[in-house]
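Visitor: Please show me the model. I would like to ask about charge pairing and helix packing.

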Amino acid sequence: MKTGIKWKGNVSFLAESASGHSILMDGAPEAGGQNKGPRPMEMLLMGLGGCTTFDVVLILKKSRQDITDCEVEIEAERAPVDPKVFTHIHLHFIITGRNLNSQQVERAINLSSEKYCSASIMLKQTVKITHDFKIIDA
């Protein structure tokens with residue numbers, strides 16, 4: 001896997017993936033940014049969220065659960081001084097579907113967290129990661 005980052009002035013950077021996609025990242029205004037894109041640490045959380053929801057949806061579909069939507073809300077705490085690493089990340093999954101089995105949902109989330117989500121498994125080596133979920137019957 002490869003990516004490239006190009007400085008675009010001030011504290012803005014264009015990230016380009018090997019698959020041909022790009023996204024602009026920008027620093028906070030108090031750091032000289034112009035709020036043109038997400039902060040790099042926000043991107044890290046977005047990557048974690050994308051990785052784990054990918055797994056959860058796939059596992060639930062393979063478990064023949066009638067899932068119609070999956071969201072994850074992520075809240076993170078950071079150390080107060082440099083390096084301002086994440087100290088705690090909480091993922092709140094909102095799973096929508098028809099007659100979803102709560103044990104299957106919990107199993108899918110745990111499998112993602114413990115076996116499949118590379119981002120989660122890597123981050124939890126240094127960060128406390130917790131999760132919970134809510135099921136919406138639709």
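**Charge pairing and helix packing**

Guide: A search of the whole structure finds 1 salt bridge (a side-chain nitrogen of Lys or Arg within 4 Å of a carboxyl oxygen of Asp or Glu). The model is predicted: local features need pLDDT of at least 70, side-chain atom pairs need 80 or more, and totals for chains, interfaces and linings use all residues. Residues are numbered from 1 along each chain as its sequence is written, and side-chain values use heavy atoms, leaving out hydrogens and water.

Visitor: How far apart are the closest N and O atoms of Asp-66 and Arg-98?

Guide: Side chains of opposite charge can pair when their charged atoms come close. Asp-66 and Arg-98 form a salt bridge, with the closest N and O atoms separated by 2.9 Å.

Visitor: Which strands hold Asp-66 and Arg-98?

Guide: The pair ties together parts 32 residues apart in sequence, because Asp-66 and Arg-98 sit in separate strands (DSSP E runs of at least two residues, numbered from the N terminus). Those are β4 (residues 66-78) for Asp-66 and β5 (residues 86-98) for Arg-98.

Visitor: What is the relative accessibility of Arg-98?

Guide: Arg-98 counts as partly exposed (buried is under 20% relative accessible area, exposed over 50%, partly exposed in between; 1.4 Å probe, protein chains only). The value for Arg-98 is 40%.

Visitor: Which residues of α1 meet α2?

Guide: Contact means heavy atoms within 4.5 Å. On the α2 side, the residues met include Gln-104, Ile-109 and Tyr-116. From α1 come Thr-52, Asp-55, Val-56, Ile-59 and Leu-60.

Note on methods
Helix = DSSP H or I, 4+ residues; strand = E, 2+ residues; numbered from the N terminus.
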